[in-house]
Amino acid sequence: MDDCIIIGAGPAGLTAAIYLARFHLSIRLLDCGTSRARLIPRTMNHAGFPDGIAGADLLTLMLRQAERYGAVRELVEATAIERVGDAFRVAAGKREYRARAVLLATGVVNNRPEMDSDTHDAALASGLIRYCPICDGFEVTDRKVAVIGTGDHGMREALFLRGYTRDINLIAPGGAHELDAGCQRALDEAGIVRLDGPYTPISIEGDSIVIGTASGTHRFDTVYPALGSVIRSKLAVAAGARASEDGCLEVDAHQRTSVPGLFAAGDVVKGLDQISHAMGEAGVAATTIRNTLNEARPIRR
C-alpha cells in the first residue's frame, strides 16, 4: 500500500509528488498524459524563467525532480476512487492501487472552438490562439484581438484584455449576443466591438487568424476562446466529495475535501487557474497529508 496516490501529473500533482517524496513517503503518481500545462507553447510569467519555458519542458523537469526522490509514475488513467476502511482503493485500467491518502490534481479541460484539430494546434503553438489572458495578455499588447464568447463571462474576458490593447472584438459563439444592458454598457464604455456569430470558419492565413462572422470575414493577431471549461472532478464527486455547481471541488484551507483522506489541489479547485497558484495549493496539501499520516502512524527513519 502506498502512503499517497496522486491523480494528475500537471504542476499541482508534480509539486505534491516532490514534497511528499522528500517527506520520505511512498508516492504513486497516476498520469493519463493530458495535463493542460503540456499544451503551453511558452509561459512567460512563471517566476524563475526570465526567457520563458514551454509547458512540456516544465513538466519534464518537475517529474525528473520527483523521481529523483523516489516518486513512482504510472502512465494510466484513474477511473474510480473508493474509501475502504481507513484507506482508499483507486482503479486505473485493469489494475487497482491502495493508498492511505489520495490527492486529486486532475485540472480542467478548455472547451475548444469549432475548428480542425490540426489547425487549432498550429494556431495554439504560434500564439494565434490563446486561452489565458492572465498568463499571456502582455504578449498581445497593442495587437488586434478577438474574444469568442458572450454573456458575463465573455464580457469579463474582453474587459480584462482591454488593459492590454484597445483593439478588442467580442464575437458571439452562436448567433446574436446574449448580453444584458449592464454588459452592453460596459463593453461600449471600453470601446469593445461586438460581432454576432457564428464564428466559423476559422483559418490561418500567414501571421493572422481569420474568422467568419455574420458581418463578414475578420482578421486578428490573436483569438481568445472564452467558451468555458470542464472541471475534471467526477472521480472525487463519485467518491462523495462536495463540489460547486460548476464542478469545482470544495476544500478547506488545508486542501482537504469533504471526504476524510481525500485532498485536491490545482485547477480542479476553484482558483486562478495559474501554475504558481496550483503549485502553492499542492505544497499546502502535501504538508497536510504528511502531518495527517504522521498522526495516524508516526513517520520514523
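In this predicted model, Val268 sits in the loop that runs between β16 and α8, the helix of residues 275–296. A loop residue might be pictured on the outside, so is Val268 buried or exposed? Its relative accessible area is 0%, and because buried means under 20%, Val268 counts as buried. The residues around Val268 come from several stretches of the chain: setting aside those up to four places away in sequence, it touches Leu104, Thr106 and Gly107, then Ile231, Arg232 and Ser233, and also Gly247, Cys248 and Leu249. Gly247 gives a handy example of how the fold brings residues together, as 21 residues separate it from Val268 in sequence while their C-alpha atoms are 8.0 Å apart in space.

A second loop, the one between α7 (234–238) and β16 (262–264), holds Thr257. With a relative accessible area of 11%, Thr257 is buried too. What does the side chain of Thr257 reach at 2.7 Å? The partner is the backbone oxygen of Leu262. A polar atom of the Thr257 side chain also lies 3.1 Å from the backbone nitrogen of Val259. Beyond its neighbours within four places in sequence, Thr257 is in contact with Ala241, Glu250 and Val251, as well as with Leu262, Phe263 and Ala264. Val237 lies 20 residues from Thr257 in sequence, and the distance between their C-alpha atoms is 9.9 Å.

Attention can now turn from loops to strands. Thr222 belongs to strand β14, which covers residues 222–225. Thr222 is buried, with a relative accessible area of 4%. Its side chain reaches the backbone oxygen of Gly127 at 3.0 Å. Gly127 also appears among the contacts of Thr222, counted without neighbours within four places in sequence, and the others are Leu128, Arg130, Val140, Lys144, Val145, Ala146 and Ile209.

Arg89 is found in another strand, β5, made up of residues 87–92. Should this arginine be called buried or exposed? Its relative accessibility is 16%, and since the limit for buried is under 20%, Arg89 counts as buried. The side chain of Arg89 makes a polar contact of 3.0 Å with the side chain of Glu96. Apart from residues up to four places away in sequence, Arg89 touches Ala80, Ile81, Glu82 and Val84 on one stretch of the sequence, and Glu96, Tyr97 and Arg98 on another.

These four residues can be placed in the setting of the chain as a whole. The chain contains 8 helices and 16 strands. Its C-alpha trace spans about 65 × 40 × 35 Å along the principal axes. How does the radius of gyration fit with a compact globule? For 301 residues, such a globule would have a value near 19 Å, and the 21 Å of the chain agrees with this.

Of the 301 residues, 49% are buried. The accessible surface of the chain amounts to about 14,500 Å², and carbon and sulfur atoms account for 49% of that area. Contacts across the sequence complete the picture: among those joining residues at least 6 apart, 59% link residues at least 24 apart. Finally, the chain carries 33 positive and 37 negative side chains, with 9 Å between the centres of the two sets.

Note on methods. Residues are numbered from 1 along each chain as its sequence is written. This is a predicted model: local features need pLDDT of at least 70, side-chain atom pairs count only at pLDDT 80 or more; totals for chains, interfaces and linings use all residues. Side-chain values use heavy atoms; hydrogens and water are left out. Helices (H or I, at least four residues) and strands (E, at least two) are DSSP runs, numbered from the N terminus. The radius of gyration is taken over C-alpha atoms; the globule rule is 2.2 Å times the number of residues to the power 0.38. Buried means under 20% relative accessible area, exposed over 50%, partly exposed in between (1.4 Å probe, protein chains only). Contact means heavy atoms within 4.5 Å. Accessible areas come from the Shrake-Rupley method with a 1.4 Å probe; for residues, only the protein chains shown count as cover. Lys and Arg count as positive and Asp and Glu as negative; His and the chain ends are not counted. The place of a charge is taken as NZ of Lys, CZ of Arg, CG of Asp or CD of Glu. A polar contact is a pair of N or O atoms within 3.5 Å; within protein, one must be able to donate a hydrogen and the other to accept it, and residues adjacent in sequence count only if both atoms are side-chain atoms.
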